[in-house]
Every structure is written in C-alpha cells, then in structure tokens.
Amino acid sequence: MTYVVTDNCIRCKYMDCVEVCPVDCFYEGTNMLVIHPDECIDCGVCEPECPAEAIKADTEPGLEQWVAFNTEYAEKWPNITIKRESPADAEEWDGVKNKLETQFSPEPGEGD
Ligand code: SF4
Ligand code: F3S
C-alpha cells in the first residue's frame, strides 16, 4: 500500500506534510504535491498533518486513479522536503469541488 495526495491539495498546498515524511517522498507541482508510491513506507504520519485532509491511504475505496496520478507526477516533478509559505488564498480553496478538472496545473514546482 501507499499513501497518496488527492484533489483537495490543489491550490491549498499547505506543505505541512513534507516536514514529517521520514523518507522525503513528496514531489512538487506548481499548485499541489504528490507522493511517490514506490518510495512511501506507509508510516501514515503525514495523513493527520494535512489541514486540507488531502492525504489518503490507498486502502480506501476508489483511489486507484490517485495512485496512478501520484506515480505519474512524482516522476515528473522535483522533490520537496522543506515547507514554504502556502498560497495566501489557500483557505478559500479548501473543499472546493472539481479542482482537478478546473485548477490543476501539470507544471513542475520549484522543489528544494
Ligand atoms: Fe512519507 Fe509516511 Fe506519508 Fe508515506 S505515509 S508519504 S512515508 S510520511
Ligand atoms: Fe497538500 Fe496537505 Fe501537503 S494540502 S501540500 S497534502 S499538507
């Protein structure tokens, strides 16, 4: 199994998760992060740290799409291990529906 980042991270991007991961397996896009499923050791410590509740265990039903998504973008985006400032309007995006369809950017983030 693995943990994955799901759509509510988009434009929230709080980055509390990167500080607690013991194996540094988060990767950064311009407006969200993903977890590399092959690197995640399933420790679970990041899940409760996300204020947007965007991190899920892949044992929850219906997450196959997100495992594939995290795998794809972890290969394309740079590694991030240091929390920076989250977007100024992050709270306004928490819980907004259909962010994958309307707000996702495939562009890589800055990384560390
Ligand atoms: Fe990192 Fe553990 Fe979260 Fe996996 S579950 S991304 S290893 S903190
Ligand atoms: Fe995203 Fe939550 Fe991390 S919003 S950047 S998964 S703390």
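Which residues is Ser105 in contact with, leaving aside its neighbours within four places in sequence? The tour ends at that residue and starts at a helix.

**Before selecting anything**

This is a predicted model, in which local features need pLDDT of at least 70 and side-chain atom pairs count only at pLDDT 80 or more, while totals for chains, interfaces and linings use all residues. Residues are numbered from 1 along each chain as its sequence is written, chains are lettered from A and ligands numbered from 1 in the order in which they are written, and side-chain values use heavy atoms, with hydrogens and water left out.

**Stop 1: helix α2**

Select residues 64-76, which make up helix α2. Helices (H or I, at least four residues) and strands (E, at least two) are DSSP runs, numbered from the N terminus. The 13 residues of α2 reach 19 Å from the first C-alpha to the last, close to the 18 Å expected at 1.5 Å a residue; the expected span is 1.5 Å times one less than the number of residues.

Now colour Trp66, Phe69, Asn70, Tyr73 and Ala74, the buried residues of α2. Buried means under 20% relative accessible area, exposed over 50%, and partly exposed in between, with a 1.4 Å probe and protein chains only. These buried residues cover an arc of only 125 degrees around the axis, which puts them on the same side of α2. The arc is that of the directions from the helix axis to the C-beta atoms.

Turn the helix over: the face away from the buried side carries the exposed residues Glu64, Glu75 and Lys76. To see what covers the buried residues, show β1 (3-5), β2 (26-28), β3 (33-35) and α4 (99-103), which are among the parts that do so.

**Stop 2: the aromatic rings**

Show the side chains of Trp66, Phe69, Tyr73, Trp77 and Phe104, which form one aromatic cluster. Rings of Phe, Tyr and Trp (its six-membered ring) pair if their centres lie within 6.5 Å; planes under 30 degrees apart count as stacked, over 60 as edge-to-face and the rest as tilted. By this rule the count comes to 6 aromatic pairs.

Zoom in on Tyr73 and Phe104, an edge-to-face pair with 5.2 Å from centre to centre and 70 degrees between the planes. Tyr73 lies in helix α2 and Phe104 in the segment after α4, so this pair ties together parts that are 31 residues apart in sequence. Tyr73 is buried, with a relative accessible area of 10%.

Keep Phe104 and add Trp77: their ring centres are 6.1 Å apart and their planes are at 35 degrees, so the pair is tilted. This pair, too, links distant parts of the chain, with Trp77 in the loop between α2 and α3 (90-93) and Phe104 in the segment after α4, 27 residues apart. Trp77 is buried, at a relative accessible area of 5%.

Before leaving, show Lys76, whose charged end sits over the ring of Tyr73, 5.2 Å from its centre. A charge sits over a ring if NZ of Lys or CZ of Arg is within 6 Å of the ring centre and within 35 degrees of the ring normal.

**Stop 3: Ile80**

Select Ile80, in the loop between α2 and α3. Ile80 is buried, with a relative accessible area of 1%. Leaving out residues up to four places away in sequence, Ile80 touches Met15, Val18, Phe26, Tyr27, Glu28, Leu33 and Asp112. Contact means heavy atoms within 4.5 Å.

**Stop 4: Asn31**

Move to Asn31, in the loop between β2 and β3. At 13% relative accessibility, Asn31 counts as buried. A polar atom of the Asn31 side chain lies 2.8 Å from the backbone oxygen of Gln103. Beyond residues up to four places away in sequence, Asn31 touches Cys9, Ile10, Arg11, Lys13, Gln103, Phe104 and Ser105.

**Stop 5: two positive phi angles**

Select Asp24, in the loop between α1 (16-20) and β2, where phi is near 50 degrees. Asp24 is partly exposed, at 35% relative accessibility. Then select Asn98, in the loop between α3 and α4, with phi near 60 degrees. Asn98 counts as partly exposed at 49%. Most residues other than glycine have a negative phi.

**Last stop: Ser105**

Select Ser105, in the segment after α4. Ser105 counts as buried, at 16% relative accessibility. A polar atom of its side chain lies 3.1 Å from the backbone nitrogen of Glu107. Leaving aside neighbours within four places in sequence, Ser105 is in contact with Thr30, Asn31 and Trp77.

Key
A polar contact is a pair of N or O atoms within 3.5 Å; within protein, one must be able to donate a hydrogen and the other to accept it, and residues adjacent in sequence count only if both atoms are side-chain atoms.
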